[in-house]
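Work through the exercises below with the sequence and the model side by side, and try each task before reading its solution.

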Amino acid sequence: MPYVAFLDMVGSKSAASISKKKYQKSIYEFNNILNDVGSQYDASIYAYSDNAYIELNDLEDMLSFFQIFRQQLLLKHRYFSAAIDHGKLDNVITNNSDIEHKRISMMFTDPK
């Protein structure tokens, strides 16, 4: 059975309260790193702004994914919390231009 994880970047509200530019930068970095790391795995990813759902078939792959993702985010002084459980994203990713890679990302870049 596959595994599903939910992750949430911490500090988004703080970045938004500091400046729009700082908030936008944190969202772009989070999503870019998520996409880069996701491309190394057969992962389904549904990301929106500063959080995401990820599906992988193997727990070892999921743990490896999070290890690499964490290392990349740490370089940008970004952090996240996450939870993993058995499950499937089922039909969450549909009608998407990147459906071949099973990744979709929406970014809300205005702190309001």
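**Exercise 1: a serine in its surroundings**

Ser-26 has a relative accessible area of 2%, and Ser-26 is therefore buried; the model in which this is computed is a predicted one.

Task: Determine in which helix Ser-26 is found, and which residues Ser-26 is in contact with once its neighbours within four places in sequence are left aside.

Solution: Begin with the secondary structure, where Ser-26 is found in helix H2. Next, look at the polar atom of its side chain, from which the backbone oxygen of Tyr-23 lies 2.7 Å away; a pair of N or O atoms counts as a polar contact within 3.5 Å. Finally, set aside the neighbours within four places in sequence, and the contacts of Ser-26 that remain are Met-9, Ala-15 and Arg-78.

**Exercise 2: the two sides of helix H3**

Task: Establish which residues of H3 are buried, and work out why they line one face of the helix.

Solution: Start with the extent of the helix, since H3 runs over residues 59-75, has 17 residues, and reaches 25 Å from its first C-alpha to its last, close to the 24 Å expected. Then list its buried residues, which are Met-62, Phe-65, Phe-66, Phe-69 and Leu-73. Viewed down the axis of H3, these buried residues fall within an arc of 95°, and so they line one face of the helix. On the other side of H3, Glu-60 and Leu-75 are exposed. As a further step, ask what the buried residues of H3 pack against: the partners are strand S1 (3-10), helix H2 (20-38), strand S2 (44-48), strand S3 (51-56) and strand S4 (79-86).

The ends of the helix complete the description. At the N-terminal end, Asp-58 caps H3, with a side-chain oxygen 3.0 Å from the backbone nitrogen of Glu-60, while H3 is followed by His-77, whose phi is positive, near 60°.

**Exercise 3: an aromatic pair and its cluster**

Task: Describe the geometry of the aromatic pair formed by Phe-69 and Phe-80, and find which residues form one aromatic cluster with them.

Solution: The structure holds nine aromatic pairs. In the one formed by Phe-69 and Phe-80, the rings are 5.1 Å apart centre to centre, with 55° between the planes, and the pair is tilted. Phe-69 lies in helix H3 and Phe-80 in strand S4, so the pair ties together parts that are 11 residues apart in sequence. Phe-69 itself counts as buried, at 0% relative accessibility. Widening the view, Phe-69 and Phe-80 belong to one aromatic cluster that also includes Phe-30, Tyr-41, Phe-65 and Phe-66.

Key. Residues numbered from 1 in each chain as written. Predicted model: local features only at pLDDT ≥ 70, side-chain atom pairs only at ≥ 80, totals over all residues. Heavy atoms only, no water. Helix = DSSP H or I, 4+ residues; strand = E, 2+ residues; numbered from the N terminus. Expected span 1.5 Å × (residues − 1). Buried < 20%, exposed > 50% of the residue type's maximum accessible area, 1.4 Å probe, protein only. Arc of directions from axis to C-beta. Contact = heavy atoms within 4.5 Å. Polar contact = N/O pair within 3.5 Å; in protein donor to acceptor, adjacent residues only side chain to side chain. Phe/Tyr/Trp six-rings, centres within 6.5 Å; stacked < 30°, edge-to-face > 60°.
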